[in-house]
Amino acid sequence: MTNRFIPDLLTVEQVGNVFHLCRQTVYKHIKDGTIPAFKNPAGKYLIPRKYIEDQLGGCYNVDAIINDGCPTEGGIRNVG
């Protein structure tokens with residue numbers, strides 16, 4: 001379920017925070033197709049939140065990472 005305060009599309013900076021990557025690395029992965037992205041009319045890339053959640057496998061609180069930069073805020077869920 002998506003939090004109503006967090007958009008369904010994330011910015012390059014937000015994705016970088018989630019994966020602890022610099023913006024240039026995120027752009028590289030977008031260009032080589034590793035990270036799917038859309039370009040908005042202003043020319044900014046937006047990445048589907050669902051892709052990020054799928055990559056994390058439900059182990060981290062994506063809202064906390066985006067808002068606070070802390071992947072374990074609110075606890076890590078046991079998926080095993």
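1. The pairing of strand β2 with β3 deserves attention at the outset: in this predicted model, β2 covers residues 38-39 and runs antiparallel to β3, with two bridges joining the strands. Within this pairing, phenylalanine 38 has leucine 46 of β3 as its bridge partner.

2. The connection between these strands can be described at the level of a single residue, since β2 and β3 form a hairpin with five residues between the strands. In that hairpin, glycine 43 adopts a positive phi, with a value near 90°.

3. Strand β3, which spans residues 45-48, is also joined to strand β1, residues 9-11, and here three bridges link the antiparallel strands. One of the residues involved is leucine 9, whose bridge partner in β3 is proline 48. Strand β3 thus has bridges to β1 and to β2.

4. As to the order of elements, the protein chain reads β-α-α-β-β-α-α when followed from the N terminus, and its secondary structure comprises four helices and three strands. Two helices stand between β1 and β2 in this order, and two further helices follow β3.

5. For the contacts along the protein chain, I would note that, where the separation is 6 or more, 42% of them are accounted for by residues 24 or more positions apart.

6. Turning to burial and surface, the protein chain has 80 residues, of which 28% are buried. The area that the protein chain exposes is about 5300 Å², and carbon and sulfur atoms supply 52% of this area.

Methods: Residues numbered from 1 in each chain as written. Predicted model: local features only at pLDDT ≥ 70, side-chain atom pairs only at ≥ 80, totals over all residues. Heavy atoms only, no water. Buried < 20%, exposed > 50% of the residue type's maximum accessible area, 1.4 Å probe, protein only. Contact = heavy atoms within 4.5 Å. Areas by Shrake-Rupley, 256 points an atom, 1.4 Å probe, with all protein chains shown as cover. Pairing = 2+ DSSP bridges.
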